[in-house]
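Work through the exercises below with the coordinates open. Each task is followed by a solution in steps.

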Amino acid sequence: MAQITFINADGSSKEVHVEAGTTVMQAAMDNGIDGIIAECGGACSCATCHVYVDESWLPKLEEPSSIEQDMIECVLEPEDNSRLSCQIVVSEDLDGLVVRVPESQY
Amino acid sequence: MKDRHCIIIGGSHAAAQLAPSLRQNGWDSDITIIGAEPVLPYHRPPLSKTYLSGDKNIHDILIRPHSFYTDNDIHTMLGDRAESIDRKRKVVVMADGAEIPYTKLALTTGSHVRKIGLPGVDLGGVFYLRELDDVDRIRHYVGRGKKAVIVGGGYIGLETAAALRKLGMDVTVLEALPRVLQRVTAPEVSAFYTRIHREEGVDIVTDTAIGSIQGNGDVNAVTCQDGTVLDADLVIIGIGILPATELAGNAGLEVDNGIVVDEFARTSDHDIVAAGDCTYHYNPIYDRHLRLESVQNAVDQAKVAAATLCGKLEPYSALPWFWSDQYDLKLQIAGLSQGFDQVIIRGDIETSRSFAAFYLREGKLIAVDAVNRPKEFMISKRALMHHFSPDPVKLADDSLKIQDVLKP
């Protein structure tokens with residue numbers, strides 16, 4: 001199990017506990033984080049699960065694939081810490097991960 | 001007002017969005033989802049892709065887990081079929097005769113596969129592909145070195161062909177029209193997909209309609225109308241879907257190529273909304289009525305429908321988009337290409353596996369098919385909202401940044 005904190009655009013936050021092996025996107029869907037839409041269900045096709053990863057956690061994540069990288073560059077308000085949450089697989093190493101949910105996915 | 005009850009008929013993607021959206025919009029009374037399939041709403045697109053290939057299982061493709069529904073006080077009646085709607089008494093009549101009263105009703109009934117009447121279509125090993133159970137049964141007929149015939153060269157047929165190749169089957173795709181994807185793409189894109197499937201070892205046969213299916217208990221051959229006989233251990237028919245409008249039609253709601261809804265997802269009875277594949281609705285971006293077969297439409301229209309039921313009228317206006325994964329190809333489609341009069345290809349469509357096809361009508365961009373080109377897809381999605389007229393020469397110039405070419 002790992003704890004993930006979602007910080008919504010309005011400043012509210014929610015801590016959730018998820019099994020290793022699930023994705024951060026699925027954790028958001030399972031726990032009703034409304035700012036994550038995830039239309040394609042994790043196929044890396046829609047970029048509607050965009051999050052900003054807390055900088056201190058970036059070194060622990062695997063590098064994005066070239067497809068994910070291209071998508072990220074074109075989301076609304078991309079930042080250096082932008083990721084698609086469907087591509088982040090939760091492990092024990094990510095226990096405590098903090099991600100910020102953008103204002104809009106479109 | 002806690003004594004109200006919203007019933008959602010159809011355990012679809014639209015239902016899995018509509019129910020939580022009702023809660024977000026402040027619906028504090030009962031919500032019940034009635035689904036004919038005995039499983040919680042799941043992502044349907046992986047059925048012909050990663051679920052068929054075995055890369056994903058049922059838990060991976062559920063839209064939300066069981067706990068989400070209980071946590072949000074959303075009741076589910078799965079494996080139960082609604083038989084009719086009595087609008088005067090405001091009850092849903094179930095197949096077993098039970099009556100469930102509703103205050104508001106949402107129809108998210110999706111679609112049925114289009115069927116063909118053919119000799120032999122009832123043999124074992126002959127399938128349509130729409131539901132989880134279809135794929136679970138198809139699995140028994142899959143095997144390395146066995147022969148599969150896919151009837152229909154649309155997206156479902158081609159995705160299925162790719163998944164079965166991955167599982168080591170010999171695959172033939174039969175398409176009655178002169179090219180695959182004829183109804184949805186330009187000839188250049190059809191030629192691209194034909195090339196890729198042939199490179200991957202699939203036999204693509206166009207201009208050839210199926211005549212009959214032979215077998216003894218289980219299928220063993222397919223005979224085409226031109227007399228050609230193909231050995232077959234498995235036949236999958238993917239020739240399109242039809243909106244599931246029976247409940248709505250029998251209840252006297254307006255039906256025309258789908259359940260007719262207004263921009264607020266209301267049917268001709270304003271206590272009843274509908275969302276997803278089953279609806280026929282107006283799209284303001286394309287200024288015409290549409291029936292869409294897509295997750296995007298299910299999700300976005302369900303949100304509008306939920307808001308409507310909570311008294312918040314927010315008109316539906318969204319850009320249709322789609323995707324299709326085959327082999328190492330990620331196709332992302334933005335917009336609707338029907339009615340195009342010009343196609344601009346960016347990238348090497350003839351020998352590579354990465355390009356974008358831009359569809360224009362009277363100079364205006366109306367759609368893009370982007371294969372392994374996520375930037376072209378993402379940037380086009382935004383440009384399409386603005387009825388932008390790009391410079392065709394620049395659009396085709398792969399050395400220019402797409403961000404600069406499609407800057408409205």
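**Exercise 1. A sheet in chain B**

In what order do the three strands of the open sheet in chain B lie?

Solution. Note that this is a predicted model.
- Step 1. Read the order: it is 18-20-21, and the pairing is mixed.
- Step 2. Find the edges. Strand 18 (259-260) and strand 21 (288-290) of chain B each pair on one side only.
- Step 3. Check one pairing. Strand 18 of chain B runs parallel to strand 20 (residues 279-283) of chain B, over two bridges.
- Step 4. Place a residue pair. B:Val260 is opposite B:Tyr280 of strand 20.

**Exercise 2. Two hairpins**

Describe how strand 14 of chain B pairs with strand 13 and with strand 15.

Solution.
- Step 1. Take strand 13 (residues 210-216) and strand 14 (residues 218-224) of chain B. Six bridges join them in the antiparallel sense. B:Ile213 faces B:Val222 of strand 14 across this pairing.
- Step 2. Look at the turn. One residue separates strand 13 and strand 14 of chain B in this hairpin, and B:Gly217 in the turn has a positive phi of about 85°.
- Step 3. Move on to strand 15 (residues 229-231) of chain B. Its pairing with strand 14 of chain B is also antiparallel, over three bridges. B:Ala221 has B:Asp231 of strand 15 as its bridge partner.
- Step 4. Look at the second turn. Four residues lie between strand 14 and strand 15 of chain B, and B:Gly227 in the turn has a positive phi of about 100°.

**Exercise 3. The core**

Which residues touch the most other members of the largest nonpolar core?

Solution.
- Step 1. Identify them: B:Leu18, B:Ala106 and B:Val235, in a core of 146 residues.
- Step 2. Ask which element contributes most. Helix 9 of chain B gives the largest share, nine residues.
- Step 3. List the contacts of B:Val235, leaving aside neighbours within four places in sequence. They are B:Gly125, B:Val126, B:Val149, B:Val151, B:Ile213, B:Val219 and B:Val222.
- Step 4. Link back to the hairpin. B:Ile213 and B:Val222, both in contact with B:Val235, stand opposite each other in the pairing of Exercise 2.
- Step 5. Set this in context. In soluble globular proteins, nonpolar side chains tend to be buried together.

**Exercise 4. Where the chains meet**

How many residues does each chain bring to the contact?

Solution.
- Step 1. Count: 20 residues come from chain B and 15 residues from chain A.
- Step 2. Find the elements on the chain B side. Helix 1 (13-24), helix 9 (295-309), strand 22 (321-326), strand 23 (329-335) and helix 10 each supply at least two residues. The largest share, four residues, is from helix 10 of chain B.
- Step 3. Sort the chain B side by class: 11 nonpolar, five polar and four charged residues.
- Step 4. Inspect helix 10 of chain B. Nine of its 11 residues are buried, including B:Phe377, B:Met378 and B:Ile379.

**Exercise 5. Positive phi outside glycine**

Are B:Asn372 and A:Ala47 buried or exposed?

Solution.
- Step 1. Locate B:Asn372: the loop between strand 26 (364-371) and helix 10 (374-384) of chain B. Its phi is near 50°, positive although the residue is not glycine.
- Step 2. Apply the cut-off of 20 other C-beta atoms within 10 Å. B:Asn372 is buried because it has 20.
- Step 3. Locate A:Ala47: the loop between helix 1 (24-30) and strand 3 (50-53) of chain A. Its phi is near 60°, again positive in a residue other than glycine.
- Step 4. Apply the test again. A:Ala47 is buried, because 28 other C-beta atoms lie within 10 Å.

Methods: Residues are numbered from 1 along each chain as its sequence is written. Chains are lettered from A and ligands numbered from 1 in the order in which they are written. This is a predicted model: local features need pLDDT of at least 70, side-chain atom pairs count only at pLDDT 80 or more; totals for chains, interfaces and linings use all residues. A residue is buried if 20 or more other C-beta atoms lie within 10 Å of its own, exposed if 12 or fewer, and partly exposed in between; C-beta atoms are placed from the backbone. Two residues are in contact if their C-beta atoms, placed from the backbone, lie within 7 Å. Ala, Val, Leu, Ile, Met, Phe, Trp, Tyr, Cys and Pro count as nonpolar, Asp, Glu, Lys and Arg as charged, and the others, Gly among them, as polar. A nonpolar core is a set of buried Ala, Val, Leu, Ile, Met, Phe, Trp, Tyr and Cys residues joined through C-beta atoms within 7 Å. Two strands pair if DSSP finds at least two bridges between them.
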